[in-house]
Amino acid sequence: MILTVKDVSVLYDGKPALEHVSFEVPERQITAIIGPSGCGKSTMLRCLNGLIREENGVRFSGEICLEGREIGSYPPDELRRRVGLVFQTPAPFPFSIYKNMAYAARYFGLREKGKLDKIIREKLELAGLYEEVKDEMNKSALKLSGGQQQRLCIARALTVEPDVLLLDEPCSALDVKSSAIIEKLLLELKQRYTIVIVTHNLAQARRISDRAVFLYNGRLVEQGVTEALFQDPQEEETKDFLGGVFG
Ligand SMILES: Nc1ncnc2c1ncn2[C@@H]1O[C@H](COP(=O)(O)OP(=O)(O)OP(=O)(O)O)[C@@H](O)[C@H]1O
Ligand SMILES: [Mg+2]
């Protein structure tokens, strides 16, 4: 297990957002976090890359281990490198495609242009974006379409070779065609990276994830192999949620 979440609770200004959540994330699989709005999905992702512990007014308890080591004991830069986060709304930096792609690698000390260009090309290819942008690398990233911007953000996250890629509703601002491209991309990426995706699209979770974790009101209600969880949920709350009773 690359990530182990043990008894994690989060309070925002004294109000619980997660309560005693425990689950494990296997390497090179896609784990989907599902559940109705406000159940704590984004909070859980921010726990996984340590971001939550830096927020004001937040009380975190529990343990999260990356490859057996508590994430709090990693230097923050290293943790951020190893666990990348891609947000719901594509958020490229307001400069060129090239500079977006070069930013993190340069920050981590890569100075050699030949090496940098090689990484940029490789990751853009991996994200299926290279052919679309190779002749306009100096164009502002903000001029790309929404789907292209989201693929750029994923490619950018990969430039520092993370172990784990966290994605918070990466398709919710995209049309069906762009979402399908991202889904295909994630299925390819899982051969090399571990992926945790938050999605409110249950069909999407079922199509692409290996395991699913169902959160409800800040509690983990049920988790397991995706197909088993969808076909034969054990808990009433899971049945209701999957059946569209709420959420
Ligand atoms: N920074 C914050 N400060 C205070 N409360 C917060 C903060 N972030 C989230 N919350 C609260 O914590 C709970 C869980 O929020 P979270 O964003 O994790 O839910 P979510 O499952 O991602 O919802 P959605 O599907 O709508 O994105 C909600 O009640 C929310 O209002
Ligand atoms: Mg959210």
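This passage walks through the fold of one protein chain and the surroundings of its ligand.

The model is a predicted one, in which local features need pLDDT of at least 70, side-chain atom pairs count only at pLDDT 80 or more, and totals for chains, interfaces and linings use all residues. Residues are numbered from 1 along each chain as its sequence is written, while chains are lettered from A and ligands numbered from 1 in the order in which they are written.

A good place to begin is the overall form. The protein chain holds 10 helices and 10 strands; these are DSSP runs numbered from the N terminus, with helices being H or I over at least four residues and strands being E over at least two. Along its principal axes, the C-alpha trace spans about 55 × 40 × 30 Å. For 247 residues, a compact globule would have a radius of gyration near 18 Å, and the protein chain agrees because its value is 18 Å. That radius is taken over C-alpha atoms, and the globule rule is 2.2 Å times the number of residues to the power 0.38. Of the 247 residues, 38% count as buried. Here a residue is buried if 20 or more other C-beta atoms, placed from the backbone, lie within 10 Å of its own, exposed if 12 or fewer do, and partly exposed in between. Two residues are in contact if their C-beta atoms, placed from the backbone, lie within 7 Å. Among contacts between residues at least 6 apart in sequence, 67% join residues at least 24 apart.

Two sheets can now be followed strand by strand. One is an open sheet of four strands in the order 2-1-4-5, with antiparallel pairing. Strand 2 and strand 5 (69-70) stand at its edges with a single partner strand each, so one side of each is left without a neighbour in the sheet. Two strands are said to pair if DSSP finds at least two bridges between them. Strand 1 (residues 3-12) and strand 2 (residues 15-25) run antiparallel and are joined by seven bridges, with Leu11 standing opposite Pro16 in strand 2. These two strands form a hairpin with two residues between them, and Asp13 in the turn has a positive phi of about 45 degrees. Strand 1 also pairs with strand 4 in the antiparallel sense, over eight bridges; in strand 4, Val58 is the bridge partner of Tyr12. Strand 4 (residues 58-66) in turn pairs antiparallel with strand 5 over two bridges, and Leu66 stands opposite Arg69 there. A hairpin links strand 4 and strand 5 too, with two residues between them and a positive phi of about 45 degrees at Glu67 in the turn.

The other sheet is open and has six strands in the order 6-7-8-3-9-10, with mixed pairing. Its edges are strand 6 (83-86) and strand 10 (219-225), each with a single partner strand, so one side of each is left without a neighbour in the sheet. On average, neighbouring strands of this sheet are turned by 15 degrees against each other, direction ignored. Strand 3 (residues 30-34) and strand 9 (residues 211-216) run parallel and are joined by four bridges, with Ile33 having Val213 as its bridge partner in strand 9. Helix 1 (residues 41-48) packs on the sheet, touching strand 3, strand 6, strand 7 (164-168), strand 8 (194-198) and strand 9, and its direction makes about 150 degrees with that of strand 8. Axes are lines fitted to C-alpha atoms, for helices over the stretch in contact, and angles run from 0 to 180 degrees between N-to-C directions.

Helix 1 is mostly covered, as seven of its eight residues are buried: Lys41, Thr43, Met44, Leu45, Arg46, Cys47 and Leu48. Just after this helix, Gly50 takes a positive phi of about 80 degrees.

Helix 1 also leads to the ligand, since it gives the most to the shell around ligand 1, with three residues. The residues around ligand 1 are Tyr12, Ala17, Gly35, Ser37, Gly38, Cys39, Gly40, Lys41, Ser42, Thr43 and His200, where a residue is near a molecule if its C-beta atom, placed from the backbone, lies within 6 Å of it. By class, this shell has three nonpolar, seven polar and one charged residues. Ala, Val, Leu, Ile, Met, Phe, Trp, Tyr, Cys and Pro count as nonpolar, Asp, Glu, Lys and Arg as charged, and the others, Gly among them, as polar.
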